[in-house]
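Welcome, and thanks for taking a look at this one with us. Below is a short briefing to read alongside the sequence and the 3D view.

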Amino acid sequence: VYAPATPDLCPSFLHEFRYLAPPEDSPWLICGDFNMICTASEKNNSSVNLSESEAFNDAIHELSLIDLPLLEKHFTWSNRREVPTLERIDRALINLAWNAMLPNTNLSSLTRTTSDQVPLKVEICTSIPKSSIFGFDNSWLLYPNFLSTVNASWNLSNVPLHPTAALVRRLKSTRCC
């Protein structure tokens, strides 16, 4: 996205933004220079267009978008003057379908070289971390010694009285066989 920098074009941009949004169940990521801030804290001075921010926030909420946090920088744009104006006008927004499919999507910044904008990097990770919790594999039932191994472990004599501790001991015993 490269939104217009002129405030009078903001309403038409936000109308088009809403119009282009896909159905809620389609994963969607939109990123770029929105030329609008969401809150006064995203600008380093008090010259804030609150109605524009409110309209931008309304569009984000109406589309159920998630603003990916940019943790290492507070501002993404500077007018590069002696007393600079700093703003966070660059962002990446995802919808709920994207978040469900790719929950490990991260936003970071790159080093600004010549532009007045901080380049953003969206990192999309397709793998979801899995815990090492026990999972039963049905193919184990095909092993000839499966049932006798489970029975031997399940009928241990010295199991703790607490049911959870007893279960853990039996499962660990099964693993060892």
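**Backbone, salt bridges, pocket and surface**

Ser64 has a relative accessible area of 32%, so it counts as partly exposed. Please keep in mind as you read that this is a predicted model. The points below start with the backbone at Ser64 and then turn to charge pairs, a pocket, a surface patch and some distances.

**Backbone angles to look at**

- Ser64 sits in the loop between H2 and S2, and its phi is near 55°, a positive value in a residue that is not glycine.
- Most residues other than glycine have a negative phi.
- Asn35 also has a phi near 55°, again a positive value in a residue other than glycine.
- You will find Asn35 in the loop between S1 and H2.
- Asn35 is buried because its relative accessible area is 17%, and buried means under 20%.

**Salt bridges**

- Side chains of opposite charge can pair when their charged atoms come close.
- How many salt bridges does the count come to? The count is 5 salt bridges, and three of the pairs are described here: Arg91 with Glu42, Glu87 with Lys43 and Arg88 with Asp67.
- In the pair formed by Arg91 and Glu42, the closest N and O atoms are 2.7 Å apart. This pair links distant parts of the chain, with Arg91 in strand S5 (residues 90-95) and Glu42 in the loop between strand S1 (29-33) and helix H2 (50-62), 49 residues apart.
- Are the partners Arg91 and Glu42 buried or exposed? Arg91 has 0% relative accessibility, so it counts as buried; Glu42 is buried too, with a relative accessible area of 9%.
- Glu87 pairs with Lys43, and here the closest N and O atoms are 3.1 Å apart. Distant parts of the chain are again linked: Glu87 is in strand S4 (residues 86-87) and Lys43 is in the loop between S1 and H2, 44 residues apart.
- Both Glu87 and Lys43 are buried.
- Arg88 forms a salt bridge with Asp67, with 3.6 Å between the closest N and O atoms. Arg88 lies in the loop between S4 and S5, whereas Asp67 belongs to strand S2 (residues 65-67), so this pair also links distant parts of the chain, 21 residues apart.
- Arg88 is buried, at a relative accessible area of 8%, while Asp67 counts as partly exposed because its relative accessibility is 24%.
- Glu42, Asp67, Arg88 and Arg91 are linked in a network of salt bridges.

**The second largest pocket**

- Rolling a probe the size of a water molecule over the atoms shows where empty space is left.
- The second largest pocket has a volume of about 280 Å³.
- Which residues lie nearest the centre of the second largest pocket? Of the 17 residues that line it, they are Asn35, Met36, Lys43, Glu52 and Glu87.
- By class, this lining has 9 nonpolar, 5 polar and 3 charged residues.
- Some names here are already familiar: Lys43 and Glu87 form a salt bridge with each other, and Asn35 has the positive phi noted above.

**A nonpolar surface patch**

- Trp154, Leu167 and Leu171 make a nonpolar surface patch of about 260 Å².
- Trp154 belongs to helix H4 (residues 146-154). With 37% relative accessibility, Trp154 counts as partly exposed.

**Distances between C-alpha atoms**

- Glu72 is in the loop between S2 and strand S3 (77-78), and its 45% relative accessibility makes it partly exposed. Its C-alpha atom is separated by 13 Å from that of Pro119, 47 residues apart along the chain.
- Leu96 lies in helix H3 (residues 96-101) and counts as exposed because its relative accessibility is 52%. From C-alpha to C-alpha, Leu96 and Ser26 are 8.9 Å apart in space, with their positions 70 residues apart in sequence.
- Ser173 is placed in helix H5 (residues 163-176) and is buried, with a relative accessible area of 17%. Ser173 and Leu156 are 17 residues apart in sequence, and their C-alpha atoms are 8.7 Å apart.

How values were computed:
Residues numbered from 1 in each chain as written. Predicted model: local features only at pLDDT ≥ 70, side-chain atom pairs only at ≥ 80, totals over all residues. Heavy atoms only, no water. Patch = residues over 30% accessible without salt bridge, like charges linked within 9 Å, V, L, I, M, F, W, Y side chains within 5 Å. Areas by Shrake-Rupley, 256 points an atom, 1.4 Å probe, with all protein chains shown as cover. Salt bridge = Lys/Arg side-chain N within 4 Å of Asp/Glu carboxyl O. Helix = DSSP H or I, 4+ residues; strand = E, 2+ residues; numbered from the N terminus. Buried < 20%, exposed > 50% of the residue type's maximum accessible area, 1.4 Å probe, protein only. 1 Å grid on protein atoms, 1.4 Å probe; cavity = no way out; pocket = protein on both sides within 12 Å on 5 of 7 lines; lining within 4 Å. Points joined across faces, edges and corners; volume = space filled by probe spheres on them. Nonpolar A, V, L, I, M, F, W, Y, C, P; charged D, E, K, R; others polar.
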